[in-house]
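This report goes through a protein chain from its overall make-up to a few selected sites. Please keep the sequence and the structure at hand while reading.

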Amino acid sequence: MRILEIILAAIQGIVIVVSFARRETWTTWMKALAVLAVTLGMVLLFTEGYRWQMYPACLVAAIFAAYLTGDLAIGSAHPERSRALLNLAAMLLLISAVVLASALPIFSLPTPDGPFAIGTISDTWFRPVISRDIARGWVGSRKIILQLWYPTAAGQNGKIAPYRGSDSGWLLTHYLGLVRTHAQIGVPMSPAQSTYPVLLFSPAWNGGRTDYTTFYETLASHGYVIAAMEHVKDLDGPFLGMNLEQHREAGALVRRRAEDAVYVLDELTKRNERDPDELLTGRLDLSRVGILGHSFGGAAAAETCWLDRRFKAGIDVDGDLYGEVADAGTSQPFFFILSDSQPPTEADLHAADPRVRFTNEMEDLNWRRQESWLAHRGGYELMILKSSHVNYSDRPLFSPVKRLTGAGEINPRRALQIAEAYILAFFDRTLNGQSGNLMDGRTKQFPEAIFHIYPTPVSQQTPPRNPSK
């Protein structure tokens, strides 16, 4: 809970408890506290109306207001009983507000640890879709919301960017618009370097770009320009992957996302030549471009590297492999980051439920594909112990109650810290040519991290023919 919420809850609690204890008409000082509670409740309601967790406390303030103005009559036959019931109702409302506001708080993002301040801008692009895109949900164009996060100089006076727009997501998540980032909107790029390397990011299936803001801010603070893509929408509904047809279709869907990424890089190339807003002109180092993604976005990152050699390195953050790259692999440096899990057992592969059995078979196939990639292409692999799939996003920060977020046993901020450190080290190594970091594999800094290096076989050190670019 935030300061205003705590003050409101404390004042209301005092009034209710004293009212219980006195069992008589409110005194002058109680009325003064009630007036203050009503005022604070109105301020909270009108300034943060979509913070629905505090609605019960606002209702308590409304009860106080009705009592003070005489609009709330206490039954004359049993005034003490009526007053006790009213106090009990107010107390239950207040407790529910405190529980909801604590379980779903206005959280704070981890503070970026790089030397740069951060700027951000957003835009909406439409990619023309060609006829060979046969995936389900085909339309004439693909809507891509693109948000750039980039290094800027300290001391700017730009407006602080909200974590989300107050109207984004579904109704019960509109309150996330009250969370503040560390980025300023539209400020100039830092003059400390003439150009900066570029990273594209693809989110989870039907996922929004904002759920990975912690990663964007850390990378931008260390001198990267991040282009966070929101693919609107992949499909009108969830991708289940629960049967062979859906699993095969995933190859077409991941190819469509990869083509989104290629389109975004093409457009960034044009804006690097001449940006109408003059922010990006000449500031992007397009010889140093990488891509990463989470879940289905990780599969898209791998497919993008296979499709376009302008992407010099990629990271698949806990995503299964689909598309052409699943069996072919790619010659660019590649990094698999995994949640804490193990391949299916023989018992899993022979489960009685056919849907469970199919899911396990596809999971086993993914493990074998990844092992084959690393054995024949080389690369890196990281598993963070006690992490779950959602630990590679901001979602565990949404609530301290892990059952609500699906987070693993590891401290969510610790998991993000480890993932950020390895992601940054990987791109520093592959795009910036830095050595002597976590990619060397010798560190005791993160005992929760199981890290493996797979050398590139000599036979694969010459890149194969580029299938596209």
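Which residue takes a positive phi just after α5? That residue is G223, with a phi of about 100°. The model discussed here is predicted.

## Overall make-up

The secondary structure of the protein chain comes to 12 helices and 11 strands. The chain has 469 residues, and 52% of them count as buried.

Contacts between residues at least 6 apart in sequence were also sorted by separation: 72% of them join residues at least 24 apart.

## Helix α5

Helix α5 spans residues 213–221, and 9 of its 9 residues are buried, so the helix is largely enclosed by the rest of the structure. The buried set consists of T213, T214, F215, Y216, E217, T218, L219, A220 and S221. Charged E217 is thus listed alongside nonpolar residues such as F215 and L219.

Several strands and one helix pack against these buried residues. The strands are β1 (117–128), β2, β4 (180–185), β5 (196–202) and β6 (225–232), and the helix is α12 (412–430). G223, with its positive phi, comes just after α5.

## Q147 in strand β2

Strand β2, one of the elements packed against the buried residues of α5, covers residues 141–152 and contains Q147. Is Q147 buried or exposed? Its relative accessibility is 7%; the cut-off for buried is under 20%, so Q147 counts as buried.

The side chain of Q147 is joined to that of T120 by a polar contact of 3.0 Å. Leaving aside residues up to four places away in sequence, Q147 touches T120, I121, S122, R209, I226, A227 and A228. T120 therefore appears both as the polar partner and in the list of touching residues.

## Packing of α2 and α3

Helix α2 (residues 28–47) packs with helix α3 (residues 55–68) at an angle of about 135°, and their axes lie 8 Å apart. Angles over 145 degrees would count as roughly antiparallel and those from 65 to 115 as roughly perpendicular, so α2 and α3 are oblique to each other. Their crossing is left-handed.

On the α2 side, the contact is made by K31, A34, V35, A37, V38, G41 and L45. On the α3 side, Y55, C58, A61, F64, A65 and L68 take part. Sorted by type, the residues of this contact divide into 11 nonpolar, 1 polar and 1 charged.

Definitions and conventions: Residues numbered from 1 in each chain as written. Predicted model: local features only at pLDDT ≥ 70, side-chain atom pairs only at ≥ 80, totals over all residues. Heavy atoms only, no water. Helix = DSSP H or I, 4+ residues; strand = E, 2+ residues; numbered from the N terminus. Buried < 20%, exposed > 50% of the residue type's maximum accessible area, 1.4 Å probe, protein only. Polar contact = N/O pair within 3.5 Å; in protein donor to acceptor, adjacent residues only side chain to side chain. Contact = heavy atoms within 4.5 Å. Axes fitted to C-alpha atoms, helices over the stretch in contact; angles between N-to-C directions. Parallel < 35°, antiparallel > 145°, perpendicular 65-115°, else oblique. Left-handed = near helix turned anticlockwise from the far one by under 90°.
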